[in-house]
Amino acid sequence: MRLDGRRESSNVEDRRGMSGGAKAGMGIGGIIIVALMAWLTGGDPVAAVMQEVQQNNFGGNSEVTEGQREFTEEEQALAKFSTQILGGTEDVWTEIFQKNGAQYQVPKMVLYTGGVSTACGQGSAAMGPFYCSGDQKLYIDLSFFTTMKKQLGADGDFAYAYVIAHEVGHHVEYLTGILAKAHEQMAKLPEAEANKLSVRLELLADFYAGVWAHHDNKRFGSLEDGDIEEAIKCAQVIGDDYLQTKARGYAVPESFNHGTSKQRMKWFKLGLETGDISKGTTFQCSDAEL
């Protein structure tokens with residue numbers, strides 16, 4: 001990506017080098033991700049989940065501790081890159097909201113190391129980047145990008161940008177009321193049915209990531225040769241079917257909560273090609289059309 005001269009967002013909390021805080025129980029999403037990461041790295045998923053649960057104490061408290069350390073040039077470069085991408089999402093979504101007669105409320109990005117306290121509970125690096133609607137912040141441990149590269153084979157600056165833009169997409173869902181409505185419905189449904197709604201939320205966030213990329217490129221000429229392929233590769237390797245098959249040799253469709261590789265690539269590409277938010281119909285189309 002071409003980012004030379006691009007501004008860095010000021011809506012960033014750098015908590016790297018800090019740890020501790022009130023710990024909350026790990027949700028089912030966290031359990032699934034921890035187990036999946038254990039599968040991918042050849043570990044015991046049950047043991048990994050138990051260790052994470054013990055560390056979180058299901059709501060027990062621990063004292064806040066802070067430590068300072070020197071960051072490598074690579075870490076600092078990733079931090080700058082992330083703040084530039086966030087700045088780009090602010091510019092694009094502010095303009096899109098204005099054109100639709102609304103005001104975009106920017107989220108904050110929290111950079112952390114290892115673990116972090118959020119309004120949604122305790123977050124950890126094992127969970128990957130995530131968005132918390134309780135405090136309207138997206139949380140990223142920058143080591144996730146190394147994990148993407150080494151364990152999933154998804155590398156490149158535009159692939160990393162896609163991940164950030166996806167989490168911002170959840171913030172857009174929050175601002176438009178889609179996220180709260182879906183979560184309310186999911187709470188009333190059996191797990192398999194709730195997972196289907198989760199897939200629609202995730203695919204919509206993928207679509208919004210593509211919309212951002214379309215307009216960012218139109219505004220700044222940010223895309224270079226190979227960038228789109230990087231993002232498509234990333235969407236492919238974080239599909240539920242791909243990850244489950246890679247982890248254990250088969251996939252369980254009823255447990256999918258992010259969408260298949262094909263679906264994730266499809267909706268990201270649709271947003272990228274059209275830049276039209278009205279095309280984000282993941283909650284209107286049938287299961288077959290997803």
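At roughly what angle do the axes of helix H7 and helix H10 cross? Keep that question in mind while you get your bearings.

**Start with the whole chain**

Show everything as a cartoon. This is a predicted model. The secondary structure comes to 10 helices and 8 strands. Of the 290 residues of the chain, 48% count as buried. Now take the contacts with a separation of 6 or more: residues 24 or more positions apart account for 73% of them.

Next, colour by pLDDT. The chain averages 85, and 82% of the residues score at least 70. Two stretches need care. Over residues 20–33, pLDDT stays under 50, and the model has 35 contacts beyond four places in sequence for them. Over residues 35–67, pLDDT again stays under 50, with 52 such contacts.

**Select residues 191–220 and 261–274**

These are H7 and H10. Here is the reply to the opening question: their axes cross at roughly 35 degrees and come within 6 Å. The crossing is right-handed.

Now show side chains. On the H7 side, the residues that meet H10 include Val199, Leu203, Phe207 and His214. On the H10 side, the partners include Arg264, Trp267, Phe268 and Leu272. By class, this contact has 10 nonpolar, 5 polar and 3 charged residues.

**Stay on H10: pick Ser261**

Ser261 lies in helix H10. Is Ser261 buried or exposed? Its relative accessibility is 7%, so Ser261 counts as buried. Which residues does Ser261 touch, leaving out those up to four places away in sequence? They are Ala235, Gln236, Gly239, Asp241 and Tyr242.

**Move to residues 227–237**

This is helix H8, and Ile232 is found in it. Select Ile232. It has a relative accessible area of 18%, and the cut-off for buried is under 20%, so Ile232 is buried. Leaving out residues up to four places away in sequence, Ile232 touches Met265, Phe268 and Lys269. Try a distance label too. The C-alpha atoms of Ile232 and Arg264 are separated by 8.6 Å, although these residues are 32 apart along the chain.

Ile232 has buried company in H8: Asp227, Ala231, Cys234, Ala235 and Val237. What covers the buried residues of H8? The cover includes helix H4 (143–152), helix H5 (157–175), H9 and H10.

**Next stop: residues 240–248**

This is helix H9, where Asp240, Leu243, Gln244 and Ala247 are buried. Look straight down the axis of H9. The buried residues fall within an arc of 95 degrees, so they line one face of the helix. The spacing helps you see it: an α-helix has 3.6 residues a turn, so residues three or four places apart point the same way.

Step past the end of H9 to Gly249. Its phi is positive, near 90 degrees.

**Last stop: Gln136**

Jump back along the chain to the loop between strand E7 (130–132) and strand E8 (137–140), where Gln136 lies. What is the phi of Gln136? It is positive, about 55 degrees, although Gln136 is not a glycine. Most residues other than glycine have a negative phi. Check the surface here as well. At 23% relative accessibility, Gln136 counts as partly exposed.

**Before you close the viewer**

Go back to H10 once more. It meets H7, and it also helps cover the buried residues of H8.

Note on methods: Residues are numbered from 1 along each chain as its sequence is written. This is a predicted model: local features need pLDDT of at least 70, side-chain atom pairs count only at pLDDT 80 or more; totals for chains, interfaces and linings use all residues. Side-chain values use heavy atoms; hydrogens and water are left out. Axes are lines fitted to C-alpha atoms, for helices over the stretch in contact, and angles run from 0 to 180 degrees between N-to-C directions. Helices (H or I, at least four residues) and strands (E, at least two) are DSSP runs, numbered from the N terminus. A crossing is left-handed if the near helix is turned anticlockwise from the far one by less than a right angle, and right-handed if clockwise. Contact means heavy atoms within 4.5 Å. Ala, Val, Leu, Ile, Met, Phe, Trp, Tyr, Cys and Pro count as nonpolar, Asp, Glu, Lys and Arg as charged, and the others, Gly among them, as polar. pLDDT is the predictor's confidence in each residue, from 0 to 100. Buried means under 20% relative accessible area, exposed over 50%, partly exposed in between (1.4 Å probe, protein chains only). The arc is that of the directions from the helix axis to the C-beta atoms.
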